[in-house]
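Here is a walk through one protein chain, looking at its cysteines, its charged pairs and its empty spaces. Have the structure open while you read.

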Amino acid sequence: MPLDPEARRIIDRTPAEDPNASGPLDVVAMREGFSQMWVMPDDLPEVGSVADTTIPGPAGELPVRVYTPKGPGPFPTFVWYHGGGWTIGGLDENEYSCRAVCAAADAIVLSVDYRLAPENPFPAAAEDAYAAVAWVAEHGREIGADQARIAVGGESAGGNLAAVAALKARDLGGPELALQVLVSPVLGHPDDGRPSYAEFAEGYFLSKSSMDWFFTTYPTGPGDLDDPYLLPLRSDNLKGLAPALVLEAECDVLRDEGEEYAARLKDAGVETELVRYDGIIHAFFGPLATELSAAKDAQAKAAAALRAAFGTEGDR
């Protein structure tokens with residue numbers, strides 16, 4: 001499929017990446033450049049309330065942003081993890097998508113500002129991801145949540161953390177999750193040889209060189225790459241995981257690993273839906289949500305899947 005015209009406009013205006021980026025100074029520059037790419041739209045979807053707060057985490061207070069729907073609770077909760085290679089990014093570039101899903105799914109969205117590498121390498125982000133889920137199950141009433149109805153989701157590295165949270169929830173005895181929404185998730189390594197890494201290595205918003213760089217900041221060494229809590233495709237057992245909705249962009253280095261994971265989940269008996277958006281690039285769900293028409297369809301699919309998983313599809 002040809003590149004979507006909206007995606008082409010984004011690529012044409014995006015500065016070329018530095019394939020040689022490395023070291024702490026480049027982390028600062030990458031974070032500053034990334035934060036300057038996003039402009040908060042004026043027409044944000046309406047929700048009942050938005051509040052920044054903290055919850056207890058493995059290393060102290062864990063910042064979160066709580067989006068609450070209009071109307072009376074308690075509400076089911078969708079725990080969301082932003083992207084950025086575990087190294088950059090934050091809550092703001094997902095403001096539109098979190099609000100959109102909150103309103104459409106009639107669910108609380110708990111957006112997690114997990115610890116970033118290289119200051120906090122693996123397993124810090126994975127620990128924070130699971131801690132947020134466990135907190136909702138134990139203390140969700142404090143934010144108006146129905147503690148028995150919890151789902152996880154994320155995009156890119158956030159999709160990785162959502163998959164990891166689902167693995168941990170299974171392995172550590174709970175909580176039981178209703179759904180995992182994995183958007184362009186990082187699940188394997190750039191050098192695993194999947195065709196999408198060769199086909200879209202450069203010039204499609206997220207490059208292989210950027211992914212190579214992220215893998216110098218998050219893992220502490222080669223041994224981490226064998227840990228399924230870093231790379232879920234390394235797991236030899238995907239049975240018993242939460243049902244999954246996997247959303248992939250066609251023109252993305254990460255496409256093949258997400259589709260492979262979806263196939264493995266199905267083979268393991270996990271109810272799984274895979275959707276590919278032809279001609280679309282990485283970061284379409286959250287950071288580029290106001291610029292790509294595919295985002296609205298993806299957000300609607302996520303909200304519908306959440307309603308079905310939470311048993312609220314007939315409430316509207």
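## Cysteines

Counting disulfides here gives zero. Take Cys102: the nearest cysteine sulfur belongs to Cys98 and sits 8.8 Å away, so Cys102 is in no disulfide, given that a pair needs its sulfur atoms within 2.5 Å. Keep in mind throughout that this is a predicted model.

Is Cys102 buried or exposed? Cys102 is buried, and its relative accessible area is 0%. Cys251 counts as buried too, at 3% relative accessibility.

## Salt bridges across the chain

Now for the charged side chains. Side chains of opposite charge can pair when their charged atoms come close. In this model there are 21 salt bridges. One of them joins Asp52 to Arg65, with 2.6 Å between the closest N and O atoms. This pair ties together distant parts of the chain: Asp52 belongs to strand 1 (residues 49-57) and Arg65 to strand 2 (residues 60-68), 13 residues apart. As for how open the two ends are, Asp52 counts as exposed at 53% relative accessibility, while Arg65 is buried with a relative accessible area of 12%. Asp52 counts as exposed because its 53% is over the 50% cut-off, and Arg65 counts as buried because 12% is under 20%.

Asp52 and Arg65 also have further company. Together with Asp92, Glu95 and Arg99, they are linked in a network of salt bridges.

## Two bridges that involve helix 8

Which side chain does Glu199 meet in a salt bridge? The partner is Arg255, at 3.8 Å from N to O. Again, distant parts of the chain are linked: Glu199 is in helix 6 (residues 195-199) and Arg255 is in helix 8 (residues 255-267), with the two 56 residues apart. Glu199 is partly exposed, at a relative accessible area of 49%, whereas Arg255 counts as buried at 7%.

Another bridge brings Glu259 and Arg276 together, at 2.8 Å from N to O. Here Glu259 is the one in helix 8, Arg276 lies in strand 8 (residues 272-281), and the pair spans distant parts of the chain, 17 residues apart. This time the acid counts as buried: Glu259 has 17% relative accessibility. Arg276 is partly exposed, with a relative accessible area of 36%.

## The one cavity

How many cavities of 30 Å³ or more does a search of the whole structure find? Just one cavity of that size turns up. The largest cavity holds about 40 Å³ of space. Its lining is made up of Phe78, Trp80, Ser97, Cys98, Val101, Val109 and Phe285. Strand 3 (75-81) and helix 3 are the elements that give two or more residues to that lining, and helix 3 has the largest share, with three residues.

By class, the lining of the largest cavity comes out as six nonpolar residues, one polar and no charged. Cys98, one of the lining residues, is also the cysteine whose sulfur is nearest to that of Cys102.

## The second largest pocket

The second largest pocket has a volume of about 320 Å³. There are 21 residues in its lining, and those nearest the centre are Trp38, Val39, Met40, Asp92 and Glu93. Asp92 is a name to recognise, as it is also part of the salt-bridge network with Asp52, Arg65, Glu95 and Arg99.

Helix 2 (24-35) and helix 3 (95-105) each supply at least two residues of this pocket's lining. The largest share, three residues, comes from helix 2. Sorted by class, the lining of the second largest pocket has nine nonpolar, six polar and six charged residues.

## A buried glutamine

Finally, have a look at Gln180, which is found in strand 6 (residues 179-183). Gln180 is buried, with a relative accessible area of 0%.

What is Gln180 in contact with, leaving aside its neighbours within four places in sequence? The list runs to Val152, Ala162, Ala163, Ala166, Leu241, Ala242, Pro243, Ala244 and Leu245.

Conventions: Residues numbered from 1 in each chain as written. Predicted model: local features only at pLDDT ≥ 70, side-chain atom pairs only at ≥ 80, totals over all residues. Heavy atoms only, no water. Salt bridge = Lys/Arg side-chain N within 4 Å of Asp/Glu carboxyl O. Helix = DSSP H or I, 4+ residues; strand = E, 2+ residues; numbered from the N terminus. Buried < 20%, exposed > 50% of the residue type's maximum accessible area, 1.4 Å probe, protein only. 1 Å grid on protein atoms, 1.4 Å probe; cavity = no way out; pocket = protein on both sides within 12 Å on 5 of 7 lines; lining within 4 Å. Points joined across faces, edges and corners; volume = space filled by probe spheres on them. Nonpolar A, V, L, I, M, F, W, Y, C, P; charged D, E, K, R; others polar. Contact = heavy atoms within 4.5 Å.
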